[in-house]
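Here is a set of questions about how labels are earned. Each answer sets a value against its cut-off and then concludes.

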Amino acid sequence: MKLKSILKTLSVAHLQEIQDYWNISPADLAQAKTEEEKRQALVANLYQRLQNRSLWEKVATRMSHEEHNLVHFLAIHGGDLEKTEVVRRFFDGNEKQADKVVESLARRGIVFYDE
């Protein structure tokens with residue numbers, strides 16, 4: 001459920017960027033008259049596909065070693081950790097590096113800060 005909630009907060013441009021990165025068939029936005037309708041169509045298009053194992057495996061091959069390790073670290077710990085905990089335990093206290101890696105992953109729809 002958290003993934004869908006996070007997707008709903010993203011801009012249409014960001015959702016389209018994720019859709020493109022994952023090589024997901026584009027959502028049909030022809031009938032969408034407003035940005036909110038476009039967002040809803042994109043969220044519906046992305047939500048299930050971002051959880052698809054075969055798509056995930058393709059995306060995972062394009063992650064850096066550090067990104068891949070972060071995803072594993074988060075998965076091992078249930079995927080929902082406080083930023084301060086991740087910075088301390090995975091990035092040895094380097095918040096700038098944490099922000100850089102998470103932003104890179106967030107642009108691609110892989111890991112997000114839950115704000």
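Q: Where does Asp92 lie?
A: This is a predicted model. In it, Asp92 lies in the loop between helix H6 (83-89) and H7.

Q: Why is Asp92 called exposed?
A: Its relative accessible area is 72%. Exposed means over 50%, so Asp92 is exposed.

Q: What makes the phi of Asp92 worth listing?
A: Asp92 has a positive phi of about 50 degrees although it is not a glycine. Most residues other than glycine have a negative phi.

Q: Which residue that follows H2 has a positive phi?
A: Asn23 follows H2, with a phi near 60 degrees. Asn23 is not a glycine either. Its place is the loop between H2 and H3.

Q: How do you know that Asn23 is buried or exposed?
A: Compare its relative accessibility, 67%, with the cut-off for exposed, over 50%. Asn23 therefore counts as exposed.

Q: How many aromatic pairs does a search of the whole structure find?
A: The search finds three.

Q: Why is the pair of Trp22 and Trp56 called tilted?
A: The ring centres are 6.1 Å apart, and a pair needs centres within 6.5 Å. The planes stand at 35 degrees. Stacked needs under 30 degrees and edge-to-face over 60. Neither label fits 35 degrees, so the pair is tilted.

Q: What makes this pair a tie between parts of the chain?
A: Trp22 lies in the loop between H2 and H3, and Trp56 lies in helix H4. These parts are 34 residues apart in sequence, so the pair ties them together.

Q: Why is Trp22 called buried, and why is Trp56 called partly exposed?
A: Buried means under 20%. Trp22 has 2% relative accessibility, so Trp22 is buried. Trp56 has 27%. Partly exposed runs between the 20% and 50% cut-offs, so Trp56 is partly exposed.

Q: Why is the pair of Phe90 and Phe91 called edge-to-face?
A: The centres are 4.8 Å apart, and the planes stand at 75 degrees. Edge-to-face needs over 60 degrees, so the label holds for Phe90 and Phe91. Ring pairs also link Phe73, Phe90 and Phe91 into a cluster.

Q: How do you know that Phe90 is partly exposed and Phe91 buried?
A: The buried cut-off is under 20%. Phe91 has 6%, so Phe91 is buried. Phe90 has 22%, so Phe90 is partly exposed.

Q: What puts the buried residues of H4 on the same side?
A: The buried residues of H4 are Leu55, Val59 and Ala60. They cover an arc of only 135 degrees around the axis, so they share a side of H4. The face turned away from that side carries the exposed residues Arg53 and Lys58. H2, H3 and helix H5 (65-76) are among what covers the buried residues of H4.

Q: How do you know that H5 is roughly perpendicular to H7?
A: The axes come within 11 Å and cross at roughly 85 degrees. Roughly perpendicular runs from 65 to 115 degrees, so the label fits H5 and H7.

Q: What makes the contact of H5 with H7?
A: H5 brings Glu66, Glu67 and Leu70. H7 brings Gln97, Val101, Val102, Ser104 and Leu105. By class, four residues are nonpolar, two polar and two charged.

Terms used: Residues are numbered from 1 along each chain as its sequence is written. This is a predicted model: local features need pLDDT of at least 70, side-chain atom pairs count only at pLDDT 80 or more; totals for chains, interfaces and linings use all residues. Side-chain values use heavy atoms; hydrogens and water are left out. Helices (H or I, at least four residues) and strands (E, at least two) are DSSP runs, numbered from the N terminus. Buried means under 20% relative accessible area, exposed over 50%, partly exposed in between (1.4 Å probe, protein chains only). The arc is that of the directions from the helix axis to the C-beta atoms. Contact means heavy atoms within 4.5 Å. Axes are lines fitted to C-alpha atoms, for helices over the stretch in contact, and angles run from 0 to 180 degrees between N-to-C directions. Angles under 35 degrees count as roughly parallel, over 145 as roughly antiparallel, 65 to 115 as roughly perpendicular and the rest as oblique. Ala, Val, Leu, Ile, Met, Phe, Trp, Tyr, Cys and Pro count as nonpolar, Asp, Glu, Lys and Arg as charged, and the others, Gly among them, as polar. Rings of Phe, Tyr and Trp (its six-membered ring) pair if their centres lie within 6.5 Å; planes under 30 degrees apart count as stacked, over 60 as edge-to-face and the rest as tilted.
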